[in-house]
Protein chains: 2
Amino acid sequence: MISKNIYLFTKKATDGSADMREVLGGKGANLAEMKSMGIPVPPGFTVPCYVCNSYHYNKQSLPDGLMNEVKEAISIIEDEVGAKFGSLTYPLLLSVRSGARVSMPGMMDTVLNLGLNDQAVIGLAKVTANEHMAYDSYRRFIEMFSDVVREIPVFLFEDVLDEIKEASGLDSDNELSVENLKEVCTRFKEIYKEEIGEEFPQDPFVQLQAAISSVFHSWQNERAVLYRKMEKIPCDWRTAVNVQAMVFGNKGSDSATGVAFTRNPSTGEKVYYGEYLTDAQGEDVVAGIRTPIPISAKLAKKAGFEGQSLEELMPQSFKELGEVFESLEQHFKDMQDIEFTIDNGKLFILQARNGKRTGFAQIKIAVDMVSEGIISPQEGLLRIQPNSLEQLLSPVFNLKDKEEARESLIGTGLNAGPGAATGKLALSSEKAVEYSEAGVPSILVRLDTSPSDFGGMMAAKGVLTARGGATSHAAVVARQFGKPCVCGLSALKIDENARTLSADGKMISEGDDISIDGTTGEVFFKEIKTSPSEVSQVLIEESMSPEESIVFQNYQMIINWADKYKKMSVRTNADTPRDVNVALHFGAVGIGLTRIEHMFHGEQRLLPLRKLFLSDSPQMQIESLKEIQTFIAHDFKDIFRVLNGLPATIRLLDPPMHEFMPKNDREIVALAESMGITDEEVKQTLKDLSEVNPMLGHRGCRLGVSSPGITSMQVRAILESALTVTQEGIPCKPEIMVPIVMSATELEHQRQVVDKAASELFAELGESIEYTVGTMVELPRAALRASQIAEHAEFFSFGTNDLTQTTFGISRDDAGKFLPIYSSGVPYVNGEGQMEIYPNDPFQVLDQEGVGELIKIGVERGRLTKQDLKIGICGEHGGEPSSVEFCHRAGLDYVSCSPYRVPIAILAAAQAALKEDLR
Amino acid sequence: MISKNIYLFTKKATDGSADMREVLGGKGANLAEMKSMGIPVPPGFTVPCYVCNSYHYNKQSLPDGLMNEVKEAISIIEDEVGAKFGSLTYPLLLSVRSGARVSMPGMMDTVLNLGLNDQAVIGLAKVTANEHMAYDSYRRFIEMFSDVVREIPVFLFEDVLDEIKEASGLDSDNELSVENLKEVCTRFKEIYKEEIGEEFPQDPFVQLQAAISSVFHSWQNERAVLYRKMEKIPCDWRTAVNVQAMVFGNKGSDSATGVAFTRNPSTGEKVYYGEYLTDAQGEDVVAGIRTPIPISAKLAKKAGFEGQSLEELMPQSFKELGEVFESLEQHFKDMQDIEFTIDNGKLFILQARNGKRTGFAQIKIAVDMVSEGIISPQEGLLRIQPNSLEQLLSPVFNLKDKEEARESLIGTGLNAGPGAATGKLALSSEKAVEYSEAGVPSILVRLDTSPSDFGGMMAAKGVLTARGGATSHAAVVARQFGKPCVCGLSALKIDENARTLSADGKMISEGDDISIDGTTGEVFFKEIKTSPSEVSQVLIEESMSPEESIVFQNYQMIINWADKYKKMSVRTNADTPRDVNVALHFGAVGIGLTRIEHMFHGEQRLLPLRKLFLSDSPQMQIESLKEIQTFIAHDFKDIFRVLNGLPATIRLLDPPMHEFMPKNDREIVALAESMGITDEEVKQTLKDLSEVNPMLGHRGCRLGVSSPGITSMQVRAILESALTVTQEGIPCKPEIMVPIVMSATELEHQRQVVDKAASELFAELGESIEYTVGTMVELPRAALRASQIAEHAEFFSFGTNDLTQTTFGISRDDAGKFLPIYSSGVPYVNGEGQMEIYPNDPFQVLDQEGVGELIKIGVERGRLTKQDLKIGICGEHGGEPSSVEFCHRAGLDYVSCSPYRVPIAILAAAQAALKEDLR
């Protein structure tokens, strides 16, 4: 098949259709589809995306012969409209607009009113019976073309306008007389000539050729590149160009123009939601010179425009528009975002696309459309971005309050834990606890956090750190507990002595108000009111009944459907009964990761661990182990009770040891006292224990190999509590997971230790319980040796945090210094624009090409040894939708993620299964 | 084929041969081979290794029916010898000895004189006409059997002996009368009965069965396990058991016993080298009660035993022995280690095996045997352990002096840099430099070293550290410069204030004598004399002519042969003209790795680097870059001159940044002064720059991506110096290598920066030079994405240090805390012995299963994109023989290693090629 350069959407012929968005872009594909449906669309044609590709590969030049094909197409348009390009009597004017595979609103170039020249402007005046409007359009076109196509600075034109207004004593542009406007046009053409060295092009085809090139060119402009990066749109998708006959909403009182959504994009309600202006062109609706009026009578009245709605003023057009709404929704099976123009009483649709919407609206619309029979539950599920569920689960700021607080915004950090929080500044965990006990909400602000800040983090409403990335201790704990969190706002300066916090030239003291928006990363030195999500109020706090919350009902519907279609199960990463409870309410079917080291919160629990590692007295070590065993067992009993028979994968201690060591003199003194040695001795031992690269140090099973007693103690604690709870009549399914395994022998050894401790315990107690033993696959070597390792494992769980760390050779804790540069792009060394070194944060979005290949290798080799090996993932990626989809494709049995991401993972798993069925 | 349990070596039948060592062990295979050759070997049989395997797998029990087969074999031996097992007239006595695939001298159990009982002892007395000897043998047998087979504590027997000697007023065992000995036998049997609960076994077959089991059992004794670990012998090789008729060297003056080598195992000289005793049994030669006498007249005279040599006393036997020597060397084509006994004038060979030898002897014997026509040069090459070349290149302690210093040995660390060094203790680099300037040899002792210690390390004769492994900074620099080095001797306590060093309860002060043996890791608080290697004296120092040194001539012969057969080329890792010069003399054909960061030695050079990273003034940064560029360019000019047209792969700056930062207050003050800021500001910036895991931090090309100016500066320095040197008429081949690449885009970007800097420089100077750009493959992701990365690379070099680090998730700097436990073994949880978690240090010996797979993937995928992609390795493994062999098999074009390992790599590369041909 020879690739076509022109795809018509005219009455005579329509070459495209809605399923050709990869070729024609979303806009072009939909225009063609609508034209075929008989929707009143002004005729035009689309130059497809691959021509844009060829344009960039051929040194920014259009294919040979393209303009001849364009001329043929124009003549078909001319026939349909009855106008003629450049005509003195009835000129055909064109809009030239970009249109990529996915909508990138406002990112690329648009040229309107193309075709105007010294002749056509006279024809336009005639057709619209409005000379003022005609010359106003011409001067706008000259400026737009000069700016967009020729990159002439806009201020040159604005200066002229100001000069003429001043000379005539005018205040605003629309006071300009026809004569003024004619002068403006003349002066604008002079500027053009001066800057470019030739006359302003009078040949409409020359204008058109330049405009098409310019749209292609704009694919690489700075804001488009940035937008693609944010939205993860590949560069090689490119844009199409849509050339379309212009229609005029500014031909008088029976003309109008507007934008509309078929449903409310904020709430999802089914109302005709849109705004319009009579006697206006499209840009006027957006420009803000005249206030646009709601199209529906009801909403217009509400907004103070009683009697001015489209419904009331042009009931026939409103009716037609409503029919178009219905027909488009039925056809495209989604809420539509529409641009329309009424030209002398005749309705035209200029564009229709799936409308952007909030998470709330996404879900409501999906649920409603299913119940309206427009789409199936499967389609409804695929319609929702899993991350949008996060919005339903997070406490939120009132948008208006936030807008009003804008001047106290002091910076934007990493949006590490979604949700909004406001409270008093607390610069230490102690202070946060103090506030909490006094019933005062607080925000804990630290350079970074460590396990000893756990209490403070729980006591605070939100957490803000100056250091650390989206998977730092603060971020992981915050997300796990659904705590709003902003991380790595490096501009923060904390003065520990003066107890002040400053940034962006502003300073507040401990106890002053501060607010953080964990969904956007914004930080304000001001109080902004928040409310908890309705879903949480129903499910977790039970302060609202399901019947009271439509949001909850919709949420529940989606989760029920997702549960039905997903093939992987979803577990949770949780270390406390409270977390587990939350996760189970959200639909988790067990624990995929309990981190014993997370049980060491608070100094009292840290003390025996510190003694264990610092002491060389076997007596003290044994005592410490017993002490630790006691509280671990206590915690596990509660967890098993909440689980009520669901499985729990428990990871043996995997400390980067430094995280647990005393951080300040007070803690050192306390430790020294309790160990009966001097402060100096403690400091010396800490120095000896310190590691150059703790993430690659003496951790995980390495600790269990060098000190098997530490493994045994944990096994006893786990199984003893499981036995106790079983006796209460609650079944328990402990799964013991060995971390940081790099070779089969390591796991073989640890398995022996586990089995021995278990059989000794069972012998002592005269009872036994089933348990399984498996391993984390979190080092490249473990993935490569999976076949040997699987001989000793009943299950694998991919620890993708560490696996990403080692596959990339990047420390999560230190990545903040260069990784943001990698994804935001560095300047091309030769040529313009930004070069994206790595598209996103691999600690948030699984690297399918590198880490993913190791996962596939691990799965394949593991199952080569044990066909029925149970395999899951328990890294942060287990709750990230694209990563969950990858896990499904890789054949994993389950994903595990923090409690507040369980719904997201469930939905993503369902989508992955549905997408596979579609393939 | 049904596996046989018994392999005879008798006149009647011989089942084995020399090529069956995997089945029969080395000893058994050689005994069979010799028997077939007609060498006078006492008859016997071998129970093969796989029976040992079955023994351990079947709960330490021998196969059913084995003893019946043994009985049949014994009757064949009885026929050949004319004696009978347990006979009252002519008893057959047996030796029962272990024999694994490779020799493990003294590691496993041996039982001699088996078959003695209350009857046979009478027969033995008759046959030997020596009642004293018979009862002495019996009491020895009872004790040996009780100890070895039944594990009865030896002191019980020694106490009885002492008691009887005291009662009779005797001083030594051999004064015991026949009556005494008979009493001893009786008492010994009583001890046996008391300990075991049954009579000492009189049935020779019961004795034999127990002895065979005991030899099998001893495969798992502690010293055997340790030895296997050291020598990297797999556990599943197991041992065979050799049961052989005893002959008697103690039948009077026409009987004798001895051990001999066919050549001198220390020097390799072709002399009959051995010792013997008349009228003695084998163990007497080793036991040290009588001093053994050289067999050759010349050596006996030299040792003060004129006229007592075997050559003089038993000329016929000596002649026969010589014939056996020749025939064995011709047959086995290697120097032999032989045990012989002369029984009533008749020569018997009890064992022959390839003799252990020093590196010197290995090489001399190989060269000599080639010139004698016994073996081909290829065989000669394959005969030499590449690491033994190290011995030829290292300064050495006089062995006798070292032995005398034994009581001042304070510990053994990692033998990180081979060679011996002695000097005054220097606890700081400044002190070492001070000593050096005063002409006083010193040993630099530090907790660990950093680049600022470079001067001190060069000034010292050797380096000792308390921390760090075999690839720590100290070790890498030391090996590179051929400096003796012992690392990670954690027992060392350095008191910086008192300027003392203590360990093992001993303490010395700065300035006291200390000696380190980098070949063994031993450290002595004493002076021990050393001398440099002859090879160095000829090649490097040119203080000796080639004609003067046989050692050098032999070395050169080996290298010449190796050069001929190897297929990979060998380059060097070198950063100074001196190093490059050494490496070229050793046969390197270019530089495989120059580390620019190693050029930052001394505070003067570190200062601009520190400024560059600490300053945020662009002016200061540019000045620092220029300053750095100047001295880098200076160094490169000298390096290019020495290379004289050979290629140089230059790695762009890859600092783990912390290594280059000020270490103490003095350095901080100096830096602050030079930057014009306060000490506090420097400290704060250092804190901001500090990384949690520097090895996974902001290093390598990440620095070049975030600060392209740093890359440009280096490119300018490299190419400018290459242009200068080219103008001198010396061709230059710079190869620019980008480190720590994880994705194709990173390399693409850095390549653009390199090319731009180059073309700008060429334009400025009006001249150009060819260069290539390639990358290190040192992260798992780089190996996986090699196909994409190769699009931007002209060459790959595997950085196996970092690749090992990330594949294993182990920090080289921190591995010392657990890796030694991994390779030395942890106790089995159930059962006896040690479980080896990982066989060796993966930073020294390439992990072929994990890291190796990534290398293979990288090679395959890289060449998929570029068939002729040049690929090498430049990690520490490039000089380790088994790793070099792997590189050959993986299809690498070259290996690169530190200068002093170049000869080893050349030999290993040749062996790899030869082994491939054999396959």
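Two strands pair if DSSP finds at least two bridges between them, and helices (H or I, at least four residues) and strands (E, at least two) are DSSP runs, numbered from the N terminus. With these terms in hand, select strand β8 (residues 256–261) of chain B and strand β9 (residues 273–278) of chain B, which run antiparallel and are joined by six bridges.

Before going on, note that this is a predicted model, in which local features need pLDDT of at least 70 and side-chain atom pairs count only at pLDDT 80 or more, while totals for chains, interfaces and linings use all residues. Residues are numbered from 1 along each chain as its sequence is written, chains are lettered from A and ligands numbered from 1 in the order in which they are written, and side-chain values use heavy atoms, with hydrogens and water left out.

**First stop: a sheet in chain B**

Stay with β8(B) and pick out B:Phe261, which stands opposite B:Tyr273 in β9(B). Now add strand β11 (residues 336–343) of chain B, which is antiparallel to β8(B) and joined to that strand by six bridges; here B:Phe261 stands opposite B:Asp337. These strands belong to an open sheet of five strands in the order β10-β9-β8-β11-β12 (chain B), with antiparallel pairing. At its edges stand β10 (293–294) and β12 (346–354) of chain B, each with a single partner strand, so one side of each has no neighbour in the sheet. Select β11(B) together with β12(B), and you will have an antiparallel pair with eight bridges, in which B:Asp343 has B:Lys346 of β12(B) as its bridge partner. Then show helix α13 (residues 315–332) of chain B, which packs on the sheet and touches β8, β11 and β12 of chain B (contact means heavy atoms within 4.5 Å), its direction making about 30° with that of β12(B). For such angles, axes are lines fitted to C-alpha atoms, for helices over the stretch in contact, and angles run from 0 to 180 degrees between N-to-C directions.

**Second stop: another sheet in chain B**

Next, select the five strands that form an open sheet in the order β1-β2-β7-β5-β6 (chain B), where the pairing is again antiparallel. Its edge strands are β1 (7–9) and β6 (110–114) of chain B, each of which pairs on one side only, and the twist averages 20° from one strand to the next. Within this sheet, strand β2 (residues 44–47) of chain B and strand β7 (residues 239–245) of chain B form an antiparallel pair over four bridges, and B:Phe45 has B:Val243 in β7(B) as its bridge partner. Add helix α2 (residues 49–57) of chain B, which lies across β1, β2 and β7 of chain B and runs at about 120° to β7(B).

**Third stop: an enclosed strand in chain A**

Move to chain A and select strand β23 (residues 513–517), of which four of the five residues are buried, so the strand is largely enclosed by the rest of the structure. Buried means under 20% relative accessible area, exposed over 50%, and partly exposed in between (1.4 Å probe, protein chains only). Which strands pair with β23(A)? One is strand β16 (residues 420–426) of chain A, antiparallel to β23(A) and joined to it by five bridges, with A:Thr422 and A:Ser515 as bridge partners. Another is strand β24 (residues 522–524) of chain A, which pairs with β23(A) in the antiparallel sense over three bridges, and there A:Ile516 stands opposite A:Val523. The hairpin of β23(A) and β24(A) has four residues between the strands, and in it A:Gly521 takes a positive phi near 90°.

**Fourth stop: two single residues**

Is A:Thr572 buried or exposed? This residue, which lies in strand β26 (residues 569–573) of chain A, is buried, with a relative accessible area of 0%. Leaving aside residues up to four places away in sequence, A:Thr572 touches several others, including A:Ala583, A:Ile591, A:Cys897 and A:Val902.

In chain B, select B:Glu667 in helix α26 (residues 665–675); B:Glu667 is also buried, with a relative accessible area of 5%. Not counting residues up to four places away in sequence, B:Glu667 touches B:Ser452, B:Glu603, B:Arg610, B:Met661 and B:Pro662.

**Last stop: both chains**

Finally, show both chains: chain B can be laid on chain A with an RMSD of 0.5 Å by a turn of 180° and a shift of 0.3 Å along the axis, which is the relation of a two-fold axis. For this, copies are superposed by least squares on the C-alpha atoms of residues with pLDDT of at least 70 in both.
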